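Hi,

Here is the structure I promised to pass on to you. Please open it alongside this message, and I will walk you through what turned up.

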Amino acid sequence: MAKSTNTAGTNSHQTPNSGMSRYFNFSGEEKMAYALLIGLMLIIVLIRSKFYEISFERDEGTYAYYGKLLLEGKTPYKDFYEQKFPGIFYFYAAMVGLFGATVKGLHVGFMVLNLGTILALFFASKRLFSVQAAVLTAFTYGIVSLTPSLSGYTVQGEHGVAFFVSLGILAYTYTIQSSKLLPFFLLGLAMGTAFMVKTSGVFLGLWAGIAIVGDAVFNGKPFSFVDILKKSLIYTLGVVLVIGFFFMLIAIKGSFSDMLFWAYEVPKRYVGKIKWEQGKQYLDYTLQAITHDYKFFWVHAFLGLGVILLKSIPLRLKVMGVSLLALSCATIFPGYYFYGHYWIQILPGLAIMAGMTFYGLTGLLKNTFGIKWKHLSTAYVVLFVLMSLSHLNSKKDYYFNPNYDRILRTVYGNNPFPETREIANWLNANTKPEDQIVAMGSEPELYFYTGKNCPSRHAYFAALVDSTAEHQQFQKEFISDVERTKPKYFIFYNHQISLFVQRGSDQSIFNWYNKYVTENYNLIGLVDMVDGYVSTYVWRDQLKGYKPQSQTNIYIYERKS
């Protein structure tokens, strides 16, 4: 069995400096592992730096914009809202505050977040299995988290969930057979934060509870129910403190009841909206897209489910591994939408299982088949790294010379994400700081790009044409806000997905739009999304005699003098 290198012996005859030097007295295996880790991180920096300026999709833009609003002193759930708990707003506010309110700034921030996740998983796997297994864990997460179809290059909130879950996994490794209570508390803080960033993080919080109990019950030693209860309560205290902290912030701001409406009542209405038959089609399609060029990593990790059947694998590791992978997978199931970025939450568990596969297979070859070759583990690591490099080479155009528009079209179809960036560039070049804008369309990224705030709290237009009891009131609020502020520029997305009009919703807001822009605005720009993939931009004098070729257009209006 591959032996873990997570402990260091003591020697009563150590020299005065040996206490410190032992931390730098690496074995050959450790030197190779750390060299490969550094190499991986340099590759990740190189690749992710190529995506610094790729345009946001609407979820990224929404959270980035709301994070900026929070830093400006706006109140969550009153001045802006989302169907999430407040951790998501404060997480993005922290990223915007630390790295800047720019596309590049946030991509840099999430690159740092990705590197932190890789490090946390590396050291967690090192403590669970071995330093060589940690290499496979790090490579698996680092490369698979770049998958285009799961929005790997984006600044999606699920990257935050993966980061805090990975910190939790690392904290868990310090709870194993430990009488100290601090690691249990830190584990609770990490999992509570993951839950506050994205509600689906609750599944990983449940995993941590199972892992704590499993380690106590299945470690081959007598256990105490009182000890399990004490450790579980300390863990729960960490979770509750995080939740209580965020809830207290919202209560102080006076929007606690609004939070319950948006983060609890509204999501309940979507439960069961998509039936399993339709959801399974989404699942099959997304699974195929995500794993298509990454089968090696997924298959290798899932082999861990086979090796855990070996008797040589400690029972507590089996419980930890199976529950981690199962509950990681559970994060993508709520609502049966199976959006690509949901799958980011699976990746920490997938990466840990890659380490489990190494741990089990090398032990099987050595102990069961009697292979005594001392370089077996090293050869395994080298082969895995070579396969990883081969994968990078096979997709070198995507990794090292990405075509932004092509990637956005491949992943998101004809959503107007490149177009919104171009419109924002034009607005930034042609507007004054005091000029206001408003958009009818679910593209809050426009406000983030331009640094201009929506005159209404309804920056995400889809809520105004949803089939909820409140949507008519939301329309009235939006109309009142626009008429009061008289924005200089009005952008209308004649785009089915961006408007996202639901069956049975009141559509009187479109009648208001037609009348309002006719009386108060001139058309100065048109984006003609031909076939949904090739867009033509027409401005001012070029509009004379121009006939749109597509039914999908974006109209830019300027207020009459």
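L526 has V538 in β4 standing opposite it, and in β5 the residue opposite L526 is Y555. Please keep in mind throughout that this is a predicted model. The strand to look at here is β3, residues 521-530. Towards β4, strand β3 is joined by six bridges, and the two run antiparallel. D528 and T536 of β4 also stand opposite each other. Towards β5, which covers residues 553-559, there are seven bridges, again with the strands running antiparallel.

How much of β3 is buried? Eight of its 10 residues are, so β3 is largely enclosed by the rest of the structure.

Now to the sheet as a whole. It is an open sheet of five strands, and following the order across it you pass β1, β2, β5, β3 and β4. The pairing is mixed. At the edges sit β1 (437-440) and β4 (534-539), each of which pairs on one side only. From one strand to the next the twist averages 15°.

Which strands run parallel? β1 and β2 do, and four bridges join them. If you would like a residue pair to find that part of the sheet by, M440 has F492 as its bridge partner in β2. On to the next pairing: β2 and β5 run antiparallel and are joined by six bridges. There you can look for Y489, whose bridge partner in β5 is E558. Strand β2, residues 489-494, is mostly covered, with five of its six residues buried.

Next, the empty space. Rolling a probe the size of a water molecule over the atoms shows where such space is left. Searching the whole structure in this case gives one cavity of 30 Å³ or more. The largest cavity holds about 40 Å³ of space.

Which residues line the largest cavity? They are R48, F51, H107, F110, M111, Y153, T154 and V155. Sorted by class, this lining has five nonpolar residues, two polar ones and one charged one. Helix α5, residues 103-128, gives the most to the lining, contributing three residues.

A few single residues are also worth a click. The first stop is R58, which you will find in helix α3 (residues 58-71). Is R58 buried or exposed? Its relative accessibility is 9%, and R58 therefore counts as buried, the cut-off being under 20%. What does its side chain contact? There is a polar contact between the side chains of R58 and N415, at 2.9 Å.

Then there is G355, placed in helix α16, which spans residues 347-368. With a relative accessible area of 0%, G355 is buried. If you want to relate G355 to another part of the chain, try K31: the two are 324 residues apart along the chain, and their C-alpha atoms are separated by 18 Å.

Finally, I picked out two backbone angles for you to check on screen. Y77 is a residue other than glycine with a positive phi, near 75°. Y77 lies in the loop between α3 and α4 (87-99), and it is buried, its relative accessible area being 0%. F500 is not a glycine either, yet its phi is positive at about 55°. You will find F500 in the loop between α23 (496-499) and α24 (508-520). At 45% relative accessibility, F500 counts as partly exposed, whereas Y77 is buried.

If you are short of time, I would suggest beginning with β3, which is largely enclosed by the rest of the structure, and then turning to the cavity lined by R48, F51 and others including H107.

Happy browsing, and do write back with any questions.

Best wishes

Notes
Residues numbered from 1 in each chain as written. Predicted model: local features only at pLDDT ≥ 70, side-chain atom pairs only at ≥ 80, totals over all residues. Heavy atoms only, no water. 1 Å grid on protein atoms, 1.4 Å probe; cavity = no way out; pocket = protein on both sides within 12 Å on 5 of 7 lines; lining within 4 Å. Points joined across faces, edges and corners; volume = space filled by probe spheres on them. Nonpolar A, V, L, I, M, F, W, Y, C, P; charged D, E, K, R; others polar. Pairing = 2+ DSSP bridges. Axes fitted to C-alpha atoms, helices over the stretch in contact; angles between N-to-C directions. Buried < 20%, exposed > 50% of the residue type's maximum accessible area, 1.4 Å probe, protein only. Polar contact = N/O pair within 3.5 Å; in protein donor to acceptor, adjacent residues only side chain to side chain.
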